[in-house]
Amino acid sequence: MTLPPPALAGPSPEPGTPGATRPLRLPVATVLAVAAGVALLLALPPYDLWFLAPAGVALFAAAVHRRRLRAGFGLGFLAGVTLFFPLLWWTSFQAGWLPWALLSSAQAAILGLAGLAGAWLSPLVDRWRWSWPLLTGLLWTAQEAVRDRAPFGGFPWGRLAFSQGDAPALRLAAYGGAPLVTFVVAVTGGAIVALAWRRWSPRPAAGAAGFALTAAVLIAGPALIPLTQPSGPSVTVAIVQGNVPRLGLDFNAQRRAVLDNHVNGTRQLALDVAAGRQKQPDLVVWPENSSDIDPLRNADAADAISAAADSIKAPILVGSIQRTDDPEDIYNVGILWWPGTGPDHDQQYAKRHPVPFAEYMPLRPIARLVTDKVDLVRNMLPGDHPGVIDTGKVTLGDVICFEVAYDGIVRDTVTGGAQLLAVQTNNATFNEAEALQQLAMVRLRAVEHGREALMVSTVGVSGFVDGSGQVHGSTGFNTPAVVVRDVATEGPRTLATRSGNWPEVAAVAMMAVALAAVLPLRRRRADIGNDGDKDTEER
């Protein structure tokens, strides 16, 4: 066998490891880790270079392969910093640099653990090179499962699945949800690194062809997977993007102007309907925080919303802040507002998963020592039931803002009877990149659950999504807009909806088995190394 070029060769492989290959030199591995983070970042919105996602996974796997565990963690963390700090930059707009740095570092640390696990699994890969794609898929699915849940309830931003809006792999969401999409993208990356790695097999031609074919099938094959589109009776739905007077932290000081913008947009829609320029909607959906004044406690706000509902002659799903008797505690709600009768207290949803560092502040006393901006973040309380709202003509699955990133919260609305997915969001304190990242999640959810969907934002981006994940009527950012569309109300009950989180559970369990299975190989390698040391001492 020929050795790798000196620039790529690292320490000699430890004895007794069949098929062992040399790790890359640390400077080269460092460059690959950074490149992995960049590729993963560019695969996600707003860049949408989805084909870079498996490339990023491959670069990550190559960087950590056969490294010591500490180096594997460090390289994984470096890739995570490269990915998450720019990806989550918009989180600094609301509460300053500290929450952004803490959140990004926490996400990067979990990717660091994935790097450590990749290094730990190296003996298994060296012994059975065909396992590299499978192990890579399991590893990425498992690390995303961790990020979805920890710390502070998890933050699933930056999942591989959310980069695949324009890729054939999106169709796989109907069969196994976001975890299956991530798994297949990561397996593709594993096949690429196995193909590219030097001295991987005594039969390189046959093996290379196999890995190349595997990667090609995984990238293009899902395009052949059938999808059953939502069908049946349709309803006409209008979304109103009222816009805010200006972007920034102080937009809540102008909350009456925000409410008036949505009222006026709805009244203009009523005029257009009367003039025959628009269809009469069966339902109007306003975004999160469209009434930052609690209309259940403020008669002026209630009167304004009632006037809008009366003018359009249809119920309005209003996004509102709901106060409590404690001025520090609030709920983030969507409440159905009927023409003539007003708010329907039986048809409202309180956000179940407030976002740490944005809607409530963990460790507030400690964070306050660094910056007083943490006190701009109020204490949002979680709701206690899924967002299933019966509007008469259609049952909505309402999720609010970041909740669209969480598999279980969206699925609960569909199993509860939702015919149409509705995502109410407010991007006024963020930017267009964040809005596009959310829209990518809505696209995946529509395919995953076989339901048409909509996203409506105060400032954009708003739009409708059909059952194949295609966006319709997408609005611009930071501009008022009204979009009306007929949506189908009967969707298939997909395998992903029926199976719930079992695909993810299975992947995590298999990853745990793989991590345990490496232990005998590592012990044997250590024993051989110790015997070699003794022989050297005797000689």
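A residue here is called buried when its relative accessible area is under 20%, exposed when over 50%, and partly exposed in between (1.4 Å probe, protein chains only). Keep that in mind as we go.

**Before you click**

This is a predicted model, in which local features need pLDDT of at least 70, side-chain atom pairs count only at pLDDT 80 or more, and totals for chains, interfaces and linings use all residues. Residues are numbered from 1 along each chain as its sequence is written, and side-chain values use heavy atoms, with hydrogens and water left out.

**The whole chain**

Select everything to begin. You will find 16 helices and 13 strands, taken as DSSP runs (H or I, at least four residues, for helices; E, at least two, for strands) and numbered from the N terminus. Of the 539 residues, 56% count as buried.

**The two ends**

Now colour by pLDDT, the predictor's confidence in each residue from 0 to 100. The chain averages 89. Residues 1-19 stay under 50, yet the model gives them 44 contacts beyond four places in sequence; contact means heavy atoms within 4.5 Å. Residues 531-539 are also below 50, with zero contacts beyond near neighbours in sequence. Where pLDDT is low, the predicted coordinates should not be read in detail.

**Inside helix 5**

Next, select Ser104, in helix 5 (residues 97-120). With 0% relative accessibility, Ser104 is buried. Beyond its neighbours within four places in sequence, Ser104 touches Phe84, Phe85 and Leu88.

**Charged pairs**

A salt bridge is a side-chain nitrogen of Lys or Arg within 4 Å of a carboxyl oxygen of Asp or Glu. By this rule there are 17.

Show Asp272 and Arg277, whose side chains form a salt bridge at 2.7 Å, N to O. Which of the two is buried, and which exposed? Asp272 is buried at 16% relative accessibility, whereas Arg277 is exposed, with a relative accessible area of 56%.

Move on to Glu144 and Arg159, which form a salt bridge at 3.4 Å, N to O. Glu144 is in helix 7 and Arg159 in the loop between helix 7 and helix 8 (173-196), so the pair ties together parts 15 residues apart in sequence. Glu144 is buried at 1% relative accessibility, and Arg159 is buried at 0%.

Then pick Arg445 and Asp407, with their closest N and O atoms 2.8 Å apart. Arg445 lies in helix 14 (residues 432-449) and Asp407 in helix 13 (residues 407-415), so this salt bridge links parts 38 residues apart in sequence. Finish by adding Glu144, Asp148, Arg159 and Glu448: salt bridges with shared partners join these with Asp407 and Arg445 into one network.
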